[in-house]
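This report describes helix packing and charged side-chain pairs. The sequence and structure are shown first.

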Amino acid sequence: MAEQNCLVANDWICGEYLRSRSHELTEATVQHIWITGVSVLIGLAVAFPLALLARRGRRFAGPVLGLTTVLYTVPSLAMFSLLLPLFGLSAALVVTGLVLYSLTILVRNILAGLEAVPQEAREAAKGMGYGPARLLWEVELPLALPALMAGLRIATVSTVALTTVGSLVGKGGLGNLIEDALPSFFKAQVLTASVLCVLLAVAADLLLLGVQRLLTPWTRIRTPSAGPGIAKTEAA
């Protein structure tokens, strides 16, 4: 009875809210994950060729990095307003805005990773007959993966947070629940949706961290244990 009364009392923590609104929470969470995932994947697909273009020299790096930085500084409300004539009140509007925001992080990290590839590795690959495309995919890109994955993790967590802004057009996933609850100050809904956003960000970061560790096993630091051989050396 007390749990049912928590809705009437407008408590922050309310088990009855979770039970009665589980379908609504599931739909909002699924929409949030879908918008975030699509935005990050498209952002990565757009950022990669931009990073390759920027690597060709200062003549290209300046405009590419400058443009992506400027896009990131545009307030979300202004960004969605500028895109509204093109996409209308749709999920495409939110996804496009999130893709543009992700570019500054992804382009810079991909570029940093590629530039950090040792020149000796490039020269060795060229000496073995690797062409530009094979050099990129089989040598440079694998060595650039740590920086690329770090940027992808940051961009993903940032996108999880920014997706809530899509509630301005009714496509904000969990942000929709937060916006709907604020006028009446529905505490349980505000808290639950906010906590789910945080959990999504943490889960996405941990998932990508696991993928990064699987793809880059050489980056794991291994501390040698002090075995009998070391003990004998010290004794000597």
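Contact here means heavy atoms within 4.5 Å. The model is predicted. With that cut-off, and leaving aside neighbours within four places in sequence, R122 is in contact with R55, L114, E115, V117, L135 and E140. The place of R122 is in helix α7, and the residue is buried, with a relative accessible area of 12%.

**Salt bridges**

Side chains of opposite charge can pair when their charged atoms come close. A search of the whole structure finds five salt bridges. The table lists three pairs from this search.

| Pair | Closest N to O distance |
|---|---|
| R55 and E140 | 3.0 Å |
| R122 and E140 | 2.5 Å |
| R134 and E138 | 3.2 Å |

Two of the contact partners of R122 return in a wider arrangement: R55, R122 and E140 are linked in a network of salt bridges. E140 forms a salt bridge with R55, with 3.0 Å between the closest N and O atoms. This pair links distant parts of the chain, 85 residues apart: E140 belongs to helix α8, whereas R55 is in the loop between α3 (22-54) and α4 (58-73).

E140 also forms a salt bridge with R122, where the closest N and O atoms are 2.5 Å apart. Because R122 lies in helix α7 (residues 119-127) and E140 in helix α8, the pair ties together parts that are 18 residues apart in sequence.

How buried or exposed are the members of this network? E140 has a relative accessibility of 4% and therefore counts as buried. R122, at 12%, is buried as well. R55 is partly exposed, because its relative accessible area is 31% and the partly exposed class lies between 20% and 50%.

The remaining pair in the table is local to helix α8. The side chains of R134 and E138 meet in a salt bridge at 3.2 Å, N to O. These residues are four residues apart in helix α8, so about one helical turn separates them. R134 counts as partly exposed at 39% relative accessibility, and E138 counts as partly exposed at 46%.

**Packing of α8 and α10**

Two packed helices are described by the angle between their axes and the distance between the axes. For helix α8 (residues 132-163) and α10, the axes come within 9 Å and cross at roughly 170 degrees. Angles over 145 degrees count as roughly antiparallel, and α8 and α10 are therefore roughly antiparallel to each other.

Which residues of α8 and α10 meet? On the α8 side they are L145, P146, M149, A150, L152, R153, T156, V157 and V160. On the α10 side they are C197, L200, A201, A204, D205, L208, L209, V211, Q212 and L215. The residues of this contact divide into 15 nonpolar, two polar and two charged.

R213 is also placed in helix α10, which spans residues 187-215. With a relative accessibility of 46%, R213 counts as partly exposed. The C-alpha atoms of R213 and M149 are separated by 9.7 Å, and the two residues are 64 residues apart along the chain. M149 is one of the α8 residues that take part in the contact with α10.

Notes: Residues are numbered from 1 along each chain as its sequence is written. This is a predicted model: local features need pLDDT of at least 70, side-chain atom pairs count only at pLDDT 80 or more; totals for chains, interfaces and linings use all residues. Side-chain values use heavy atoms; hydrogens and water are left out. Helices (H or I, at least four residues) and strands (E, at least two) are DSSP runs, numbered from the N terminus. Buried means under 20% relative accessible area, exposed over 50%, partly exposed in between (1.4 Å probe, protein chains only). Axes are lines fitted to C-alpha atoms, for helices over the stretch in contact, and angles run from 0 to 180 degrees between N-to-C directions. Angles under 35 degrees count as roughly parallel, over 145 as roughly antiparallel, 65 to 115 as roughly perpendicular and the rest as oblique. Ala, Val, Leu, Ile, Met, Phe, Trp, Tyr, Cys and Pro count as nonpolar, Asp, Glu, Lys and Arg as charged, and the others, Gly among them, as polar. A salt bridge is a side-chain nitrogen of Lys or Arg within 4 Å of a carboxyl oxygen of Asp or Glu.
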